[in-house]
Amino acid sequence: MNDREEAAVAAFAELFGPPPEGPATPVDWDAVEEWLGLRLPADYKAVATAYGPLDIGERLWLHTPFTSGARLFDYGGFVERGRRAAPGVLPFGETRMSDTLYWDTTASEDPDRWPVVVHVQDLANAGKDPWLRPGTTLLPTLAGFVADGLRPLLARSGLAGGEPSAWTPPARRPAPTPGQYAAFAGGSGLETLIALVPPPAEPLLGEQSWEWLYERLGTRLPTEFVALMETYGAGDFCEWLRFGLPLGTGRHDLAPSAEWYGAAYRDLRADHPRYQPLAVWPEPGGFLNFADTVDGDELCWLTEGDDPDAWPLIVVPRHAEQGPPLTGTLVETLLAWLRGHLVQEGFPRLVRRGQDPVEALESIGFHSYGVDAGRTAR
């Protein structure tokens, strides 16, 4: 370490003490910064190198580039999701209250001068400006948190799962094709979605049949959903919207998940009907959930009427009060979200206003769960 880096580690140690026992997760900073397209603040790199991923004061996670063997955390997915929150932000930490800590990279060309900004989830839930702006860089901001009551205690991040491993940046995605540009600009239907987001060669559906699923659920499902699943199978769009095995029997697959979530919702509704106002399938017009987000929001049908193809969609949000049904079909909703047109609680904005289509298309994709579909952590 050079003198500046040693000073940063010393200042951090003065606040929080020495590193936890055991070696810190190694980081190839050159590879990380090349993947990010940005240099990172020197004080952060020095602390991350010396300490590794941390749980500070049992309230705040300071993330470093690592991957959890228990599938609890992946640096690449964390950064890509966080960057969608606002132009020019770069995430580096979270709190147990679902707040996210970012640097504002637009404030300076020098990363060592980037101020910290915090997205406060409670403020967002209350409809207020969710951004807290301390106006200070990393170490002064952490010192301010301690002065405000953050306990100066350290532990290795529980998200590391006991055995964190070095994070390897993913391979660069191929350049968008003319077909993707055209699908991003316009068009409708499943063929347009396929052109925009190429599906896997072998979609994973599960070991059962559609007839088995219909019998277990007690209803046929929309034709559009069946076509979507037979095209993409189990997986997630943009590392956010997750579809379990539609024909699987594991607890995260469609039928078991819908049964579990429906029962849990009914229990909450009995105690808090204001916040859980919906009927639940098989109640008349009840919702039937079939996909979820990494943040715990549920995408559902409202089972209104005898024709599943006419069922409207609705989102049951985790961090907001219940909103109205959506106006589009499933594929229309996916296309609107992927193009940045959907404004809906539970779905982050994937495309910023005026964003270069090349940059936008780089964040759009589908990840098939493959052989791990039935074991995907939720």
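Strand 1 and strand 2 (residues 60-62) run antiparallel and are joined by three bridges. The model is predicted. Strands 1 and 2 belong to an open, antiparallel sheet of seven strands. A second open sheet has six strands, also with antiparallel pairing. The points below cover both sheets, one residue in each, a loop proline and a pair of packed helices.

**Seven-stranded sheet**

- The strand order is 7-6-5-4-2-1-8.
- Strand 7 (131-132) and strand 8 (154-156) are the edges, and each pairs on one side only.
- Helix 6 (residues 138-147) packs on this sheet.
- Helix 6 touches strand 2, strand 4 (89-95), strand 5 (100-104) and strand 6 (116-119).
- The direction of helix 6 makes about 50° with that of strand 6.

**Asp55 in strand 1**

- Asp55 sits in strand 1, which spans residues 54-56.
- Across the pairing, Asp55 stands opposite Trp61 of strand 2.
- Asp55 counts as buried because its relative accessibility is 9%, below the 20% cut-off.
- The Asp55 side chain makes a polar contact with the side chain of Arg96, at 2.3 Å.
- The Asp55 side chain also reaches the backbone nitrogen of Glu58, at 3.5 Å.
- Beyond four places in sequence, Asp55 touches Leu60, Trp61, Arg96, Leu153, Leu154, Ala155, Arg156 and Ser157.
- Trp61 is thus both a residue touched by Asp55 and the one opposite Asp55 in strand 2.
- Arg96 is likewise on the list of residues touched and is a side-chain polar partner of Asp55.

**Six-stranded sheet**

- The strand order here is 14-13-12-11-10-15.
- The edges are strand 14 (313-316) and strand 15 (366-368), each pairing on one side only.
- On average, neighbouring strands of this sheet are turned by 30° against each other, direction ignored.
- Strand 11 (residues 241-243) and strand 12 (residues 287-293) run antiparallel, with two bridges between them.

**Arg242 in strand 11**

- Arg242 lies in strand 11.
- The bridge partner of Arg242 is Asp292 in strand 12.
- With a relative accessibility of 9%, Arg242 counts as buried.
- A polar atom of the Arg242 side chain lies 3.4 Å from the backbone oxygen of Thr293.

**Pro317 in a loop**

- Pro317 is in the loop between strand 14 and helix 12.
- Pro317 is buried because its relative accessible area is 14%, again under the 20% limit.
- Asp297, Gln322 and Glu345 are in contact with Pro317, leaving aside neighbours within four places in sequence.
- Pro317 and Glu298 are 19 residues apart along the chain, and 6.5 Å separates their C-alpha atoms.

**Helix 10 against helix 12**

- Helix 10 (residues 223-232) packs with helix 12 (residues 330-338) at an angle of about 55°, and their axes are 9 Å apart.
- The two helices are therefore oblique to each other.
- Helix 10 makes the contact through Glu224, Phe225 and Leu228.
- Helix 12 contributes Leu330, Val331 and Leu334.
- By class, the contact holds five nonpolar residues, one charged residue and no polar residues.

Methods. Residues are numbered from 1 along each chain as its sequence is written. This is a predicted model: local features need pLDDT of at least 70, side-chain atom pairs count only at pLDDT 80 or more; totals for chains, interfaces and linings use all residues. Side-chain values use heavy atoms; hydrogens and water are left out. Axes are lines fitted to C-alpha atoms, for helices over the stretch in contact, and angles run from 0 to 180 degrees between N-to-C directions. Helices (H or I, at least four residues) and strands (E, at least two) are DSSP runs, numbered from the N terminus. Angles under 35 degrees count as roughly parallel, over 145 as roughly antiparallel, 65 to 115 as roughly perpendicular and the rest as oblique. Contact means heavy atoms within 4.5 Å. Ala, Val, Leu, Ile, Met, Phe, Trp, Tyr, Cys and Pro count as nonpolar, Asp, Glu, Lys and Arg as charged, and the others, Gly among them, as polar. Buried means under 20% relative accessible area, exposed over 50%, partly exposed in between (1.4 Å probe, protein chains only). A polar contact is a pair of N or O atoms within 3.5 Å; within protein, one must be able to donate a hydrogen and the other to accept it, and residues adjacent in sequence count only if both atoms are side-chain atoms. Two strands pair if DSSP finds at least two bridges between them.
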